[in-house]
Amino acid sequence: MKFGIYYAYWEKEWQADYKYYIKKVAKLGYDILEIAATPIVDYSDDQIEEIKNCARENGITLTVGHGPSKEHNLSSTDVSIRKKGIEFYETLFDKLEKMDVHLIGGALNTYWPVNYDVDVDKTGDWNRGVEGIREIAKIAEEKGITLCIEVMNRFETYLLNTAEEGVKFVQEVDAPNVKVLLDTFHMNIEEDSIGGAIRTAGKYLGHMHIGESNRKVPGKGHLPWAEIHEALNDIGYDNAVVMEPFEKMGGKVGTDIKVWRDLSDGASEQALDDRARQALEFSRYILA
Ligand SMILES: [Mn+2]
């Protein structure tokens, strides 16, 4: 089992100097840095090469997290938006292949954050999402990229709220490189049993996000970590476990994630680093 952390723990925008964070998480003992997809499509070949080399030199594997924009929504009723979405992923996957990145996770079947001012058409959006993911999965497969479709809580999406729905969606897509992404923060809200949900995902579980119910680092809340360990063990899970803590207010990250108080208690960067190191030790101890 490999352990990672999302760069946005330290940042307020959906982009950053990823080389800085590659070096940081390597020093903290992580195997993986998860980065946001959005800026990558605009990187030059030189920038891509630099990030790839930096990751290699520091022994860090990069994975990508993505909250698709409304303009690239694969489940949109507007055919031109779906087309733009596919073109976006085509460009992105091309860059990811060059960067030696082989996994992207998130609500790739839809857009995020959700806007509940518009009417919800779950069935229609579900079906268009299946078609869209099937199409981009073919492009991703040629580039050796796995798509992990994230199951999220009801306040952030109406399409996939439970592991059961995630598995059904992935089975309908029916592509070898399309899997389910479960996140303990979302599961805590929606699932009858967190261990049960992991077992439901079973062989379809391609990626795991971990964090407490309030999105603090693992070990600072009340998530049932022993139960999570037992379930991951039962399904023989051997993919990545990436923590996704959000403790700081501000910027687009703070607004999109809805961080309305400083969960870090005014932590300095050094204090955040120390907590990330402790959370890694805790996660390795309890989950691996
Ligand atoms: Mn997540």
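I take two residues to be in contact if their C-beta atoms, placed from the backbone, lie within 7 Å. With that in hand I looked at this predicted model and noted that residues 24 or more positions apart account for 79% of the contacts in the chain with a separation of 6 or more.

**Entry: overall form.** I looked up the extent of the chain and found that its C-alpha trace spans about 50 × 45 × 35 Å along the principal axes. The radius of gyration is 18 Å, which agrees with the value near 19 Å that a compact globule of 288 residues would have. I also noted that 47% of the 288 residues count as buried.

**Entry: the barrel.** I went through the secondary structure and found ten helices and eight strands in the chain. How do the strands run in the closed barrel? The eight strands follow the order S1-S2-S3-S4-S5-S6-S7-S8, with parallel pairing. Neighbouring strands of this sheet are turned by 30° against each other on average, direction ignored.

**Entry: one pair of strands.** I then chose S5 (residues 146-150) and S6 (residues 178-183), which run parallel and are joined by four bridges. As an example of a bridge partner in S6, I wrote down Lys179, which is matched with Cys148. Helix H4 (residues 122-142) packs on the sheet and touches both S5 and S6, its direction making about 150° with that of S5. Helix H7 (residues 194-201) lies across S6 and strand S7 (205-210), and runs at about 175° to S6.

**Entry: helix H1.** Which residues of H1 (residues 18-28) are buried? I found Tyr18, Tyr21, Ile22, Lys24 and Val25 to be buried, and the buried residues of this helix pack against strand S1 (2-6), strand S2 (32-36) and helix H2 (45-57). After H1 comes Gly29, which has a positive phi, near 100°.

**Entry: H1 against H2.** Two packed helices are described by the angle between their axes and the distance between the axes, so I looked up both values. H1 and H2 pack at an angle of about 5°, and their axes are 9 Å apart. That angle makes H1 roughly parallel to H2, because angles under 35 degrees count as roughly parallel. On the H1 side the contact is made by Tyr18, Lys19 and Ile22, and on the H2 side by Glu50, Ile51, Cys54 and Ala55. When I sorted the residues of this contact by character, they divided into five nonpolar, no polar and two charged.

Note on methods. Residues are numbered from 1 along each chain as its sequence is written. This is a predicted model: local features need pLDDT of at least 70, side-chain atom pairs count only at pLDDT 80 or more; totals for chains, interfaces and linings use all residues. A residue is buried if 20 or more other C-beta atoms lie within 10 Å of its own, exposed if 12 or fewer, and partly exposed in between; C-beta atoms are placed from the backbone. Helices (H or I, at least four residues) and strands (E, at least two) are DSSP runs, numbered from the N terminus. The radius of gyration is taken over C-alpha atoms; the globule rule is 2.2 Å times the number of residues to the power 0.38. Two strands pair if DSSP finds at least two bridges between them. Axes are lines fitted to C-alpha atoms, for helices over the stretch in contact, and angles run from 0 to 180 degrees between N-to-C directions. Angles under 35 degrees count as roughly parallel, over 145 as roughly antiparallel, 65 to 115 as roughly perpendicular and the rest as oblique. Ala, Val, Leu, Ile, Met, Phe, Trp, Tyr, Cys and Pro count as nonpolar, Asp, Glu, Lys and Arg as charged, and the others, Gly among them, as polar.
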